[in-house]
Amino acid sequence: MQTINLAEKLAMIDQPWQPKIIAELNDSYVKLAKLKGEFIWHQHQNEDELFLVIKGTLTIRLRDRNVLLHEGELAVIPKGVEHCPDAPQEAQVLLLEPKTTVNTGDQQNSLTIQPEWI
């Protein structure tokens, strides 16, 4: 059991859209990421995904509406829901998702990364 300082871990992240693992919780990873700009439309067929905004604002675009998250707010995107995260200014977020979650979901491209620990 250890204490994890979110500010210290976030300072280690220098690229947007590159989530880093900071902890494990049962069959899930706790990740931190810096987001800036628009990501890609994608979905996760088998996994729900939790976004908690630590700093900044994040819009999660859905096909029928947008979900705007401010600092201290979170949203859970249910499995199978197509979404596109968008942060015009840098947003710092905590993600909670199953270990099997691929960051680009059903889309495999240059933005797809293998999760790594920091």
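# Notebook: cores, strands, rings and charges

**Entry 1: the nonpolar cores**

I started with the largest nonpolar core and found 18 residues in it. L35, F51, L58, I60, V67, L69 and V93 are the ones with the most contacts inside this core. I'm working from a predicted model here, so everything below is about that model.

Which strands feed this core? I found that β2, β3, β4, β5 (66-69), β6 (74-77) and β7 each give at least two residues to it. The largest share comes from β7, with 4 residues.

Next I picked F51 and looked up its contacts, skipping neighbours within four places in sequence. The list has L58, I60, L69, E73, L74, A75, I77, P85, L94 and L95.

There is also a second core, separate from the big one, with 8 residues. L10, I13, V30 and L94 are among them. My reminder to self: in soluble globular proteins, nonpolar side chains tend to be buried together.

**Entry 2: who pairs with β7**

Since β7 kept turning up, I checked its strand partners. I looked at β2 to begin with: β2 and β7 are antiparallel and share 10 bridges. Going down to single residues, I saw V30 standing opposite L96 of β7.

Then I took β3, which pairs with β7 over 5 bridges, again in the antiparallel sense. Here F51 sits opposite L95 in β7. I had already met L95 in the contact list of F51.

How many bridges join β4 to β7? I got 4, and these two strands run antiparallel. For L62, the bridge partner in β7 is H83.

**Entry 3: aromatic rings**

Now the rings. A pair of aromatic rings is described by the distance of the centres and the angle of the planes. I found 2 aromatic pairs.

Pair one is W17 with F39: the ring centres are 4.6 Å apart and the planes are at 20°, so I call this pair stacked. W17 lies in the loop between α1 (6-11) and β1 (20-25), while F39 lies in the loop between β2 (28-38) and β3 (49-55), so the pair ties together parts 22 residues apart in sequence. Are these two buried or exposed? Both W17 and F39 are buried.

Pair two is Y29 with W117. The centres are 6.1 Å apart and the planes are at 85°, so this pair is edge-to-face. Why does it count as edge-to-face? Because planes over 60 degrees apart get that name, and here the angle is 85°. Y29 is in strand β2 and W117 in strand β8 (residues 116-117), so the pair ties together parts that are 88 residues apart in sequence.

I checked burial for this pair too. Y29 has 15% relative accessibility, so I noted it as buried. W117 comes out at 44%, so I wrote down partly exposed.

One more ring note: R63 lies over the face of W41, and I got 3.8 Å from the ring centre.

**Entry 4: salt bridges**

On to the charges. Side chains of opposite charge can pair when their charged atoms come close. My count is 6 salt bridges.

I looked at K20 and E116, whose side chains meet in a salt bridge at 2.9 Å, N to O. This pair links distant parts of the chain, with K20 in strand β1 and E116 in strand β8, 96 residues apart. K20 has a relative accessible area of 12%, so I logged it as buried. E116 is at 42% relative accessibility, so it goes down as partly exposed.

After that I checked E38 and R61, which form a salt bridge at 3.6 Å, N to O. E38 lies in strand β2 and R61 in strand β4 (residues 58-62), so this pair ties together parts that are 23 residues apart in sequence. R61 is partly exposed, at 25% relative accessible area.

R61 also forms a salt bridge with D86, where the closest N and O atoms are 2.5 Å apart. R61 is in strand β4 and D86 in strand β7 (residues 83-98), 25 residues apart, and I noted this as a link between distant parts of the chain. D86 is buried, with a relative accessible area of 8%.

Which residues join up in a network? E38, R61 and D86 do, through salt bridges.

Definitions and conventions
Residues are numbered from 1 along each chain as its sequence is written. This is a predicted model: local features need pLDDT of at least 70, side-chain atom pairs count only at pLDDT 80 or more; totals for chains, interfaces and linings use all residues. Side-chain values use heavy atoms; hydrogens and water are left out. Rings of Phe, Tyr and Trp (its six-membered ring) pair if their centres lie within 6.5 Å; planes under 30 degrees apart count as stacked, over 60 as edge-to-face and the rest as tilted. Buried means under 20% relative accessible area, exposed over 50%, partly exposed in between (1.4 Å probe, protein chains only). A charge sits over a ring if NZ of Lys or CZ of Arg is within 6 Å of the ring centre and within 35 degrees of the ring normal. A salt bridge is a side-chain nitrogen of Lys or Arg within 4 Å of a carboxyl oxygen of Asp or Glu. Two strands pair if DSSP finds at least two bridges between them. A nonpolar core is a set of buried Ala, Val, Leu, Ile, Met, Phe, Trp, Tyr and Cys residues joined through side-chain atoms within 4.5 Å. Contact means heavy atoms within 4.5 Å.
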